[in-house]
Amino acid sequence: MEYKKMVDQAKMLALPKHIGVIMDGNGRWARKHHTTRINGHKRGAEAVREIVEASVEVGLDYLTVYAFSTENWRRSKQEVHGLLKLIINTLMQEIDELAANNIVVRFIGSKKGLSDDYHKRITENCQKSWKNNGLNLNVAMNYGGKQEIIEAVSSIVKDVETGKISSDDIDHDMLSDYLYTKSIPDPDLLIRTSGEFRLSNFLIWQAAYAELWFTETLWPDFNRTEFLQAILDYQKRQRRFGAT
Ligand code: IPE
Ligand code: IPE
Ligand code: MG
């Protein structure tokens, strides 16, 4: 089906409110094209642009892309450095256009391991978009679901100790409010590219009832048509949330 038709069709049914994307396969794409891993990541960043545009076209509320995990520090120094540089440079290059398109950009993740200066530059650039009310684009950067829960538990313990909250008040909603994703609805649909079938520590609390969609396509080759395909497939599914 033609892309434009897919968009029209998707708009006729309830859309997922929030889509999470595990953008995997940049390294294998690079090997296939006889180039460096960092060039693969650069092509991956270009694919993000297309998916953000498609998200706006279809009228999605929340898109979260997994850019760098707390486990990705295990890669070579050269690749880690290249990724950190690419992420901040892409943000600086794109933020004005993103903001002009009414997109709200937020980074979610741990501060641990990132310099204060790096963190400050991210916040300063993202802030340019915070007056907007269109697509919410979340970049999961230095993100790990387990680290997120550890930081939440640690803050909760502190707030119990200082009497700000009582331990009797701890429930699902309260814990959710201590996560990086506070006030962001849980993802309805999770997409992973490159033929791997795992979550790799992405939104593990929030994705408890997410619909999962996998493709063999390597992330730099992922395009708007396949993104719409995932949405149309999602719309055919029946979600139960444990009920009959
Ligand atoms: C995904 O591509 C991007 C990041 C994890 C930052 P990979 O770099 O994991 O690509 P493969 O899995 O090695 O092909
Ligand atoms: C997940 O991909 C992290 C990101 C896409 C940023 P990885 O390539 O790091 O995941 P594993 O190591 O194959 O599980
Ligand atoms: Mg990978």
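## Close-up views of the ligand sites and an aromatic pair

**View 1. Backbone contacts to ligand 1.** In this predicted model, a polar backbone atom of G25 lies 3.4 Å from an oxygen atom of ligand 1. The backbone of N26 also takes part, with an N or O atom 3.1 Å from an oxygen atom of ligand 1, and a polar backbone atom of G27 is found 2.9 Å from an oxygen atom of the ligand. On its own, ligand 1 has 380 Å² of accessible area, and the protein covers 86% of that area.

**View 2. The shell around ligand 1.** Ligand 1 is surrounded by 13 residues, of which the closest are M23, D24, G27, R28 and R75. When these surroundings are sorted by class, the shell consists of 3 nonpolar, 5 polar and 5 charged residues. Three helices, α2 (26–32), α3 (37–58) and α4 (77–100), each contribute at least two residues to the shell, and the largest share, 3 residues, is that of α2. The space that ligand 1 takes is the largest pocket.

**View 3. Side-chain contacts to ligand 2.** Three residues are shown here with polar side-chain atoms facing oxygen atoms of ligand 2, namely R75 at 3.2 Å, R198 at 2.8 Å and S200 at 2.6 Å. The accessible area of ligand 2 on its own is 390 Å², and 77% of it is covered by the protein.

**View 4. The shell around ligand 2.** The residues that surround ligand 2 are I22, M23, D24, Y66, A67, F68, N72, R75, R192, R198 and S200. By class, they divide into 5 nonpolar, 2 polar and 4 charged residues. Strand β2, which spans residues 62–69, gives the most to this shell, with 3 residues. Ligand 2, too, sits in the largest pocket, the space already described for ligand 1. Residues M23, D24 and R75, listed among the closest to ligand 1, appear again among the residues that surround ligand 2, and R75 is also one of the residues whose polar side-chain atoms approach an oxygen atom of ligand 2.

**View 5. An aromatic pair between Y143 and Y180.** The structure holds 8 aromatic pairs, and one of them, formed by Y143 and Y180, has an edge-to-face arrangement, with 5.9 Å from centre to centre and 75 degrees between the planes. This pair links distant parts of the chain, given that Y143 belongs to strand β4 (residues 136–143), whereas Y180 lies in the loop between α7 (172–177) and β5 (189–192), and the two residues are 37 residues apart.

Terms used: Residues are numbered from 1 along each chain as its sequence is written. Chains are lettered from A and ligands numbered from 1 in the order in which they are written. This is a predicted model: local features need pLDDT of at least 70, side-chain atom pairs count only at pLDDT 80 or more; totals for chains, interfaces and linings use all residues. Side-chain values use heavy atoms; hydrogens and water are left out. A residue is near a molecule or strand if one of its heavy atoms lies within 4 Å of it. A polar contact is a pair of N or O atoms within 3.5 Å; within protein, one must be able to donate a hydrogen and the other to accept it, and residues adjacent in sequence count only if both atoms are side-chain atoms. Accessible areas come from the Shrake-Rupley method with a 1.4 Å probe; for residues, only the protein chains shown count as cover. On a 1 Å grid over the protein atoms alone, a cavity is a set of points where a 1.4 Å probe fits but cannot get out, and a pocket is an open set with protein on both sides within 12 Å along at least five of seven lines; lining residues have an atom within 4 Å of a point. A molecule sits in a cavity or pocket if more than half of its atoms lie within 2 Å of its grid points. Helices (H or I, at least four residues) and strands (E, at least two) are DSSP runs, numbered from the N terminus. Ala, Val, Leu, Ile, Met, Phe, Trp, Tyr, Cys and Pro count as nonpolar, Asp, Glu, Lys and Arg as charged, and the others, Gly among them, as polar. Rings of Phe, Tyr and Trp (its six-membered ring) pair if their centres lie within 6.5 Å; planes under 30 degrees apart count as stacked, over 60 as edge-to-face and the rest as tilted.
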